[in-house]
Amino acid sequence: MSTPALLDQLDIEGIDFAFDHIPDLHATLADLRSRKPYAIVPFAGVRAVLLLTHDLVRAAFTDEQTFPASAVYRMTTEPVLGHTLQCMTGREHRIARGVVAPSLRRNRIAEYLEPLLEPLAHELIDRFESRGHADLVAEFCVKYPVLVISRMLGLPVDDEAVVHRWAHDLFYFPLDPAAAVRASQEFTDYVAPILAARRADPGDDMISLLVTESSEGEYLTDEQVMAHLRLLFPAGADTTMLALGNILSALLTHPEQLAAVQADPATEIGWAIWEGLRWEPPVGLLPRACPEAVEWNGLSIPALTPMIFSINAAHRDPAVYERPDDFDITRRSMSMLSFGQGVHSCAGNWLAMAELETALRILLQRLPGLRLKPDAATHATIVAQVGTALRGPGALHVSW
Ligand code: HEM
């Protein structure tokens, strides 16, 4: 009798891990993980290997040889965003990353981005503070990270509404590919003259940094800069929007922990952010692929197998976290898998942390007594956004 092949038997049926909103996703993942460290699941009509433990997810992220990011991003995002960092491997990736990394490094953020972050948070809150109530998702979380990117690129403030529309259409690519391709083209046409002007006369914005910086003696071409700028919206704005929504949702539904953060923001905000990123990482399930047949951690993975790195299951692995389902800001642990690991790990993690810290600090300062509206608790529920992978609340109706 021959041994069954890895993909022969599904571990769960009736749920598609690419598209479905799974209301009890964490319980489903915990159930699968209690049986095996991985599961074979339906994914976009085929079978995928879903990695469920902290050990396996971390090992997979750091094994670019076996699970190269490019194998999946060349099919999914390259047709819309172009040949971004995520589609590159080896030397090409090292050089491009070497050029873009300095513009997002901690010290650079302090120097040229922090002066943008606080005034922008105040500007958005000014629009609704006197009303005494708001939907924080629609009126703050959705707007803040897109505007941060728009301003760090030095785009004209008058154009922000159209930039926001392009960012929105790029994010909803899986649901409306035609609109995303159109947005990508319109954004490119819009940025081309700005890029030419910054090459001729660089300033202190991010586009100028990207055209003047080199790595190993090489500079980025116009198309490489453009692809990176397009990537910044889905990779930088939407992730941060969902992270902020998830952290706010966690705090608003755990009022005693919100009170602890309000009482000592200098100490507690950072830990609330890390715990929010652990409890509900915005990128919950990250699709990859395994191009070549391989023996990996006891699994015989056939060539071209779709893989899913379940960051959200890893973050609730009882082997690593006690009471993993509890949101608890006193844990004092940093959930680094939120930002991936290895060569393709998040290039913007310092910016994300700076944005989240500033936004939370100023929201709590300006809106004392912040609470969910009594009839709105269900709106704080975290749901799938654009497929199963990304998660955040659809609305946060609050008063103060
Ligand atoms: C809380 C917010 C954020 C989260 C949770 C997050 C998460 C991630 C994750 C998981 C990856 C790895 C993807 C993979 O391995 O396939 C990644 C990559 C990336 N992120 Fe973020 N990100 C956030 C914010 C940002 C921001 C603010 C920026 C920049 C403005 C950014 C820029 C990037 C870039 C450029 C990459 C690709 C890196 C490469 O392939 O070398 N991210 N991010």
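Reader: Hi! Before we get to the empty space inside, what counts as a cavity here?
Author: On a 1 Å grid over the protein atoms alone, a cavity is a set of points where a 1.4 Å probe fits but cannot get out. A pocket is an open set with protein on both sides within 12 Å along at least five of seven lines, and lining residues have an atom within 4 Å of a point. Grid points are joined across faces, edges and corners, and the volume is the space filled by probe spheres set on the points. One thing to know early: this is a predicted model, where local features need pLDDT of at least 70 and side-chain atom pairs count only at pLDDT 80 or more, while totals for chains, interfaces and linings use all residues. Residues are numbered from 1 along each chain as its sequence is written, and side-chain values use heavy atoms, with hydrogens and water left out.

Reader: Great. How many cavities of 30 Å³ or more turn up?
Author: The search of the whole structure gives 1 cavity of that size. The largest cavity holds about 60 Å³ of space.

Reader: Which residues line the largest cavity?
Author: Its lining is His83, Thr84, Leu85, Met88, Ala96, Val100, Leu220, Gln224, Ala227 and His228. Helix 5 (90-100) and helix 12 (222-252) each give at least two residues to it, and helix 12 has the largest share, with 3 residues. Helices here are DSSP runs (H or I, at least four residues), numbered from the N terminus.

Reader: And what's the lining of the largest cavity like by class?
Author: There are 6 nonpolar residues, 4 polar and no charged ones. In this scheme Ala, Val, Leu, Ile, Met, Phe, Trp, Tyr, Cys and Pro are nonpolar, Asp, Glu, Lys and Arg are charged, and the others, Gly among them, are polar.

Reader: Now the pockets. What volume does the second largest pocket have?
Author: About 350 Å³. It is lined by 15 residues, and the closest to its centre are Glu114, Trp350, Met353, Ala354 and Glu357. Helix 6 (106-126), helix 14 (265-279) and helix 16 (349-366) each supply at least two residues of the lining. By class, the lining of this second largest pocket has 8 nonpolar, 2 polar and 5 charged residues.

Reader: Switching to the iron atom of the ligand: which protein donor does it have?
Author: Cys346 is the only one, through SG at 2.3 Å. Donors are N, O and S atoms within 2.8 Å of the metal (3.2 Å for Na, K and Ca); water is not among the atoms, so sites may look incomplete. Cys346 sits in the loop between helix 15 (311-314) and helix 16.

Reader: Is Cys346 buried or exposed?
Author: In between: Cys346 is partly exposed, at 28% relative accessible area. The cut-offs are under 20% for buried and over 50% for exposed, with partly exposed in between (1.4 Å probe, protein chains only).

Reader: How many disulfides are there?
Author: The whole structure has 0, a disulfide being a pair of cysteine sulfur atoms within 2.5 Å. For Cys141, the nearest cysteine sulfur is that of Cys346, 18 Å away. Cys141 is buried, with a relative accessible area of 1%.

Reader: OK, how many salt bridges?
Author: The count is 26, taking a salt bridge as a side-chain nitrogen of Lys or Arg within 4 Å of a carboxyl oxygen of Asp or Glu. Among them, Asp169 pairs with Arg165 at 3.8 Å, N to O. These two are 4 residues apart in helix 9 (residues 160-171), so about one helical turn separates them. Asp169 is buried at 14%, while Arg165 is partly exposed at 42%.

Reader: Which residues are linked in a network of salt bridges?
Author: Glu123, Arg127, Arg151 and Glu160.

Reader: What does Arg323 do?
Author: The side chain of Arg323 meets that of Asp328 in a salt bridge at 3.2 Å, N to O. Asp328 is buried at 13%, and Arg323 is partly exposed at 45%. Arg323 lies in the loop between helix 15 and helix 16, and its phi is positive, near 40°, though it is not a glycine. Most residues other than glycine have a negative phi.

Reader: Which loop holds Glu216, and what is its phi?
Author: Glu216 is in the loop between helix 11 and helix 12, with a positive phi of about 50°. Glu216 is partly exposed, at 47%.
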